[in-house]
Amino acid sequence: MVLGLAIRLDTVYSQAGKVAGGDAYYYYNAAKLLVAGHGFINPYLYIPHGAHHVVQSADFPPLFIFALAIPSAVGLKSFLVARVWCCVLGTAAIGVCGYTGREIGGQRVGLVAAFLLAVNPNIWMTDELALSEALAPLLIATLLLFAYRFWKDPSVKRGIWLGVVLGIAMLGRDELTVLVVFLLVPLVLLARTLSWKRRFAVLGIALLATALVVAPWVGYNLSRFQKPVFISTGLGVTLASADCGATYSGPAEGYWSMPCALADSHNPWFKEHPKADDSAQGAEYQHLALDYVRAHENRLVPVTLAKIGRAFGFFHPLEQISFDSYIETRPYHWALVGLGMYYALLALSIGGTVILRRRRIPSFPLWAIGLEVVCSVALTFGQTRYRTTFEVSLVLMAAVTLDAIWSALRRGRGAERWADPADPASDRPPSSSDPWPGERLDEPALTP
């Protein structure tokens with residue numbers, strides 16, 4: 001954790017003068033407005049030029065805004081402090097990931113997983129950007145920790161905790177809602193130590209716990225928007241920027257385009273409804289985007305594959321790194337290192353899956369995070385930081401593989417120490433009943 005914090009702080013202070021832009025501008029200023037007592041309003045319409053135009057907003061889920069509001073609430077309101085605070089959140093994720101690894105495969109797996117998360121450029125580059133992906137590793141590591149604790153000892157209490165943590169994660173990243181289907185439901189229904197009646201009871205209680213966590217935010221949104229809003233309203237404008245001519249062919253295929261969203265904003269409907277709230281505007285953006293998709297159905301499959309390929313590093317990966325460097329100000333050369341590390345972790349994760357299967361430990365909760373990313377980018381667009389949640393799973397599975405390799409090497413060295421050239425049967429590895437090297441045979445054997 002100390003190593004990870006040092007790396008993250010170095011990335012912040014190497015660009016200490018960075019100003020908030022894009023989504024970071026929204027998060028940072030929305031948090032300050034929340035602390036100032038304005039509630040959840042659109043900072044783009046309130047702050048520039050002293051407009052003070054109050055428009056209710058739920059463009060993003062609320063949890064990261066709450067997190068950024070903590071330093072602002074105690075008087076630390078600079079963007080530099082917000083970025084440092086994101087580094088602290090990223091450091092906390094390292095510790096939780098270590099505990100999750102220990103829950104999955106033992107202490108050494110936990111230590112290796114924590115180290116990999118600390119040094120993974122794809123994680124620490126995101127932390128300094130002050131985007132919601134800085135909170136994502138902490139949410140995912142915590143969710144997986146409670147998932148594996150439930151798998152080891154399924155009970156009503158642990159089911160409640162799993163549901164609560166999933167609800168919190170949904171308030172941080174609304175696309176994690178699909179984990180109700182991909183993770184929570186199968187994990188509970190596969191709890192073999194429980195009767196089927198008990199499984200359905202635990203599942204119902206866990207789902208109720210999830211619903212109770214998100215209910216206050218959903219109720220708040222339903223009370224302040226023209227159209228029904230549950231967790232966020234950002235899908236419409238996201239689709240508008242992802243489904244247009246610029247993203248259906250050419251260099252930006254599968255990516256996003258701000259000019260596309262701006263072009264849709266000049267649609268006559270927006271001129272006729274200048275005071276429409278975020279929910280109504282989001283619905284119109286979504287309507288325009290879906291009209292474009294229907295008119296270009298022949299391009300839907302290749303563009304969707306391009307989106308997924310961009311997110312997972314298999315479609316123009318170097319071009320995607322250039323986009324990340326130019327648009328998100330990621331260090332280009334560190335992004336190259338991150339791409340190489342991602343490929344290595346992905347390869348190691350295959351071995352980790354096989355090892356977990358042989359140990360009868362489920363790996364589907366880890367792969368469920370990757371499936372969630374696939375669904376998310378297929379619906380919206382592909383970019384590297386959308387893969388952040390899955391990087392946590394890759395780190396954990398890679399740690400299982402590296403631990404197994406280390407154990408095999410140690411067993412091999414142990415066999416060499418015990419081999420006796422005069423005894424053909426002495427090439428066996430030592431067993432727990434053998435004395436330790438240097439131990440007298442007439443003394444009680446020490447327990448390893």
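**Figure 1. Lining of the largest cavity.** By class, 5 nonpolar, 5 polar and 4 charged residues make up the lining of the largest cavity in this predicted model. The space within the largest cavity amounts to about 110 Å³. Of its 14 lining residues, Ile321, Asp324, Leu339, Thr384 and Arg387 lie nearest the centre. At least two lining residues come from each of H7, helix H18 (317-328) and helix H19 (332-358). Helix H18 gives the largest share of this lining, with 4 residues.

**Figure 2. The second largest cavity.** The structure holds 2 cavities of 30 Å³ or more, and the second largest has a volume of about 50 Å³. Residues that line the second largest cavity include Tyr28, Lys32, Leu68, Pro71, Lys77 and Val81. Two or more residues of this lining are given by each of H2, helix H4 (63-73) and helix H5 (79-105). Sorted by class, the lining of the second largest cavity has 7 nonpolar, 2 polar and 2 charged residues.

**Figure 3. The salt bridge between Glu128 and Lys18.** Side chains of opposite charge can pair when their charged atoms come close. In the pair shown here, the closest N and O atoms of Glu128 and Lys18 are 3.0 Å apart. Glu128 lies in the loop between helix H7 (121-127) and helix H8 (136-152), and Lys18 in the loop between helix H1 (2-13) and helix H2 (23-35), so the salt bridge ties together parts that are 110 residues apart in sequence. Glu128 counts as buried because its relative accessibility is 2%, below the cut-off of 20%. Lys18 is also buried, at a relative accessible area of 19%.

**Figure 4. The salt bridge between Arg385 and Glu133.** The closest N and O atoms of Arg385 and Glu133 are 2.8 Å apart. Arg385 is in the loop between helix H20 (364-379) and helix H21 (388-418), whereas Glu133 is in the loop between H7 and H8; the pair therefore ties together parts that are 252 residues apart in sequence. Arg385 and Glu133 are both buried.

**Figure 5. A network of salt bridges.** Salt bridges link Asp23, Glu133, Arg173, Glu175, Glu328, Arg330 and Arg385 in a network. One pair in this view is Glu328 and Arg330, which form a salt bridge with their closest N and O atoms 3.2 Å apart. Both Glu328 and Arg330 are buried. In the whole structure, 17 salt bridges are found.

Methods: Residues are numbered from 1 along each chain as its sequence is written. This is a predicted model: local features need pLDDT of at least 70, side-chain atom pairs count only at pLDDT 80 or more; totals for chains, interfaces and linings use all residues. Side-chain values use heavy atoms; hydrogens and water are left out. A salt bridge is a side-chain nitrogen of Lys or Arg within 4 Å of a carboxyl oxygen of Asp or Glu. Buried means under 20% relative accessible area, exposed over 50%, partly exposed in between (1.4 Å probe, protein chains only). On a 1 Å grid over the protein atoms alone, a cavity is a set of points where a 1.4 Å probe fits but cannot get out, and a pocket is an open set with protein on both sides within 12 Å along at least five of seven lines; lining residues have an atom within 4 Å of a point. Grid points are joined across faces, edges and corners, and a volume is the space filled by probe spheres set on the points. Ala, Val, Leu, Ile, Met, Phe, Trp, Tyr, Cys and Pro count as nonpolar, Asp, Glu, Lys and Arg as charged, and the others, Gly among them, as polar.
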